[in-house]
Amino acid sequence: MSDTRSEPTPEVEDKGHPRRWAILGVLVISLIVVVLDNTVLNVAMKTLADPKDGVGASQSDLAWMINSYTLVFAGLLFAFGIFGDRFGRKKMLIGGLVVFGAASLLSAYAETPDQLIWYRALMGFGAAMMMPSTLSMLRNLFPAKEFPKALGIWTGAVGIGGAIGPIVGGALLEQFWWGSVFLINVPIVVFGIVALMIMAPESKGRQAKPDLVGMFLSVIGLVSLTYGIIEAGDTGSWAGIEVWGTVAFGVLVLIAFVLWEKRIPHASLDMKFFKNPRFSASSAIIVLTFFGMMGLFFFMTFYIQIVRGYSPLETGLLFLPMGAAMLIFAPMSNAMVQRFGAKIVGSVAMLLVIANFAISAFVLDLDSSVWLLIAQFAITGIGMSNLMPPAMNTLMQNVPKEQAGVGSALANTLRQVGGALGVAVLGTVMAQAYRSEISDAAPQLDDQARESIATTYGAVETGQVPAQNAPQVLDAANVSFLDALHTTALSAIGVALVGLIVIAVFFPGKQRRETGTPERAAEPALVEA
C-alpha cells in the first residue's frame with residue numbers, strides 16, 4: 001500500500017472512478033448504436049439494390065454507402081480525438097449522438113443512392129465524434145489492472161451490436177420499408193444522450209493545438225486512394241487515369257501526411273509510437289484482420305440472401321453466432337493472454353480467422369448446410385474475440401492517459417481504414433472475377449447486367465432477359481458468383497497469412513510480472529519468460 005501512496009498519480013487513477021462499471025454500460029450503449037447501424041446496412045444490401053423496393057443502388061453505390069461513412073469516420077477520428085481531449089469527451093460524445101441521430105433520420109427518407117451516400121457520410125461525421133470519446137473515457141475511468149477486462153467488455157459490445165443488428169434489421173425489412181433500418185437508431189440515440197447526461201462525468205486531457213493540416217491530408221489521401229480502388233473494380237480495369245491517377249495521388253498525400261506528422265510538435269498521430277515493435281505489430285494486425293473480414297463479409301451477405309434465397313431476418317439469425325461468440329469470449333481474452341501469452345493466443349485466433357476464409361474458399365457451395373454457415377460465423381467470432389482486445393489494449397496502454405483520445409482515435413482509425421480498404425480491394429477482385437465468369441456463362445447479358453450478381457438478378461426480374469432464358473441466366477449467375485467468392489476468399493487468406501507471420505515474429509510469449517510492481521502488472525511493461 002505504501003508504494004501506491006508514493007505514486008504521484010491521483011488516487012482516482014489508481015483505483016478508478018467509483019461508478020466506472022455503471023458508466024461502462026452507458027458507453028456500451030453509445031457504441032452499440034454505431035455497430036447496430038453498420039450490421040443493419042449489410043442485411044439491407046439486397047433491398048437497397050432493388051430498383052422497386054429500394055433505391056436501385058449499383059454494386060459501386062452499395063460499396064460507397066459503406067465507404068462514404070468509413071472514410072469520413074476514419075478521416076475525422078484524429079481531429080475529434082484531439083478535440084475531445086481538449087474540450088471534453090462527454091461533450092463530444094453527446095454531440096456525436098445528436099449528429100448521428102439526425103443523419104439516421106435523413107437516411108431513412110433518402111430517395112436516391114446519392115442522397116443515401118451523403119447522409120451516410122454525415123452519419124460517419126457523428127460517429128467520428130463519438131468513438132474516440134467512448135474508449136478514451138474508458139481509459140481514464142479504469143485503473144491499469146482493470147482496463148483490459150473493461151476493454152474486453154467494450155469489444156464484446158461489438159458482438160452485441162453484431163448479434164442484434166442483423167436480426168432487428170431483418171425483422172424490420174420483413175414488416176416495413178427499408179428506411180426503418182435507419183429509424184431504429186433514433187430511440188437508441190435518445191436513450192444514450194439522456195443516460196450520458198445523468199451518469200457520465202466530464203473528462204478532459206491534453207490541451208494541445210488541433211492538427212487541422214494533418215486531418216485534412218489524411219481525409220484527402222484516404223478518399224482518393226479508396227476511390228481509385230473502387231473505380232478499378234467498377235470498370236474492371238486499372239488502365240484509366242481516374243483509377244491509377246487517384247490511387248497515385250492518394251499515396252502521395254498520405255506520404256505528405258506522414259512527413260507532416262513527423263515534423264510538427266502537436267501531431268495528431270505521433271509517429272514515435274510506431275518505434276515500439278509490439279505497438280506497430282498490433283496496428284498491423286488490426287488493419288490486416290479487418291481488411292479480410294469486412295471485405296469478405298460484405299459479399300457473404302449476397303451469398304446468403306441472393307444465392308441461397310434466405311430472407312433478411314434469416315440472414316440476421318445466421319450472423320448471430322459470430323456476435324454471440326464475441327460477446328462471450330472477448331471479456332475473457334485478457335485472462336487467456338495472461339495464461340498462455342499473446343503469441344499463442346494471437347496465433348490460434350488468427351488461424352480461426354483463416355479457417356473462416358478457407359471454408360469460403362474451398363468448402364462453400366450452392367447447397368452448403370446451414371450448420372456449416374453457423375459454424376463458420378461462430379469460429380470467426382471466437383477468433384476475433386481473442387485477436388482484437390489484446391491488440392487494442394497494446395495501443396491504448398502505450399498512449400499516455402492525457403492523450404487517450406488520440407489513442408482511441410488511432411485504434412478505431414486502423415480498424416475502419418482496414419475494413420474500407422478490404423471492401424474496396426476485395427471488391428475489385430470479386431467484381432473482376434464475376435464479370436469474367438458471367439461473360440463466358442451468359443454472353444447475352446449487357447455490361448450493366450454483368451456488373452454484379454445483384455444487377456444480373458435485377459435484369460431478369462425486370463424482364464430484360466427473355467423468360468425462357470431466365471433460369472439458365474440465374475443458374476449461371478449463382479455459379480459465377482460462387483467462383484468469384486472462392487477467388488476473393490483466397491485473396492483474404494493471403495492477407496491473413498501475413499498477419500499470422502506478424503504475430504509469430506513480433507507478439508510476445510508468455511509473460512511474467514516484474515517483482516515490486518504489482519499495480520502496473522497489467523500494462524505492457526512485461527518481461528518474456
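This is a short tour of one protein chain, stop by stop, for use with the viewer open. The model is predicted.

**Start: the whole chain**

Show everything as a cartoon. The chain holds 21 helices and two strands. Now colour by burial. Of the 529 residues, 60% are buried. Turn on the surface next. The accessible surface is about 20600 Å², and carbon and sulfur atoms own 66% of it. How much of the contact list links residues 24 or more positions apart? Among contacts with a separation of 6 or more, the share is 81%.

**Stop 1: the core**

Select Tyr-303 and Phe-481. These two have the most contacts inside the largest nonpolar core. That core has 158 residues. Here is a general point to keep in mind: in soluble globular proteins, nonpolar side chains tend to be buried together.

Stay on Phe-481 and show its neighbours. Phe-481 touches Phe-299, Phe-302, Tyr-303 and Val-307. Phe-481 also touches Met-430, Tyr-434 and Ile-453. This list leaves out residues up to four places away in sequence.

**Stop 2: Ser-368**

Keep Tyr-303 on screen and add Ser-368. Ser-368 touches Tyr-303, along with Arg-308 and Val-363, once residues up to four places away in sequence are set aside. Ser-368 sits in the loop between helix H16 (342-363) and helix H17 (370-385). Is this loop residue buried or exposed? Ser-368 has a relative accessible area of 5%, so it counts as buried. Now draw a distance from its side chain to the backbone nitrogen of Asp-365. The value is 2.8 Å.

**Stop 3: helix H13 and Phe-290**

Select residues 277-307. This is helix H13, and Phe-290 is in it. Phe-290 counts as buried because its relative accessibility is 11%. Show what surrounds Phe-290. Leaving out residues up to four places away in sequence, Phe-290 touches Gly-295, Met-384, Met-388, Arg-415, Gly-418 and Gly-419. Then pick Leu-421. Phe-290 and Leu-421 are 131 residues apart along the chain. Their C-alpha atoms are separated by 8.9 Å.

**Stop 4: helix H21, two residues**

Select residues 470-506 for helix H21, where His-486 lies. His-486 has 18% relative accessibility, so it is buried. Which residues does His-486 touch, not counting those up to four places away in sequence? They are Ser-360, Ala-361 and Leu-364.

Move along to Ala-504, also in helix H21. Ala-504 is partly exposed, because its relative accessibility is 44%. Now add Lys-343. Ala-504 and Lys-343 are 161 residues apart along the chain, yet their C-alpha atoms are separated by 6.2 Å.

**Stop 5: helix H20 and Gly-458**

Select residues 453-461. This is helix H20, which contains Gly-458. Gly-458 is buried, with a relative accessible area of 15%. Pick Asp-50 as its partner. The two are 408 residues apart in sequence. In space, the C-alpha to C-alpha distance is 7.0 Å.

**Last stop: a patch on the surface**

Turn the surface back on. Select Leu-105, Tyr-109, Phe-176 and Trp-177. Together they make a nonpolar surface patch of about 460 Å². Zoom in on Trp-177. Trp-177 lies in the loop between helix H8 (147-175) and helix H9 (180-183). Why is Trp-177 called partly exposed? Its relative accessible area is 38%, and the partly exposed class runs between the buried limit of 20% and the exposed limit of 50%.

Key
Residues numbered from 1 in each chain as written. Predicted model: local features only at pLDDT ≥ 70, side-chain atom pairs only at ≥ 80, totals over all residues. Heavy atoms only, no water. Patch = residues over 30% accessible without salt bridge, like charges linked within 9 Å, V, L, I, M, F, W, Y side chains within 5 Å. Areas by Shrake-Rupley, 256 points an atom, 1.4 Å probe, with all protein chains shown as cover. Salt bridge = Lys/Arg side-chain N within 4 Å of Asp/Glu carboxyl O. Helix = DSSP H or I, 4+ residues; strand = E, 2+ residues; numbered from the N terminus. Buried < 20%, exposed > 50% of the residue type's maximum accessible area, 1.4 Å probe, protein only. Core = buried A, V, L, I, M, F, W, Y, C linked by side-chain atoms within 4.5 Å. Contact = heavy atoms within 4.5 Å. Polar contact = N/O pair within 3.5 Å; in protein donor to acceptor, adjacent residues only side chain to side chain.
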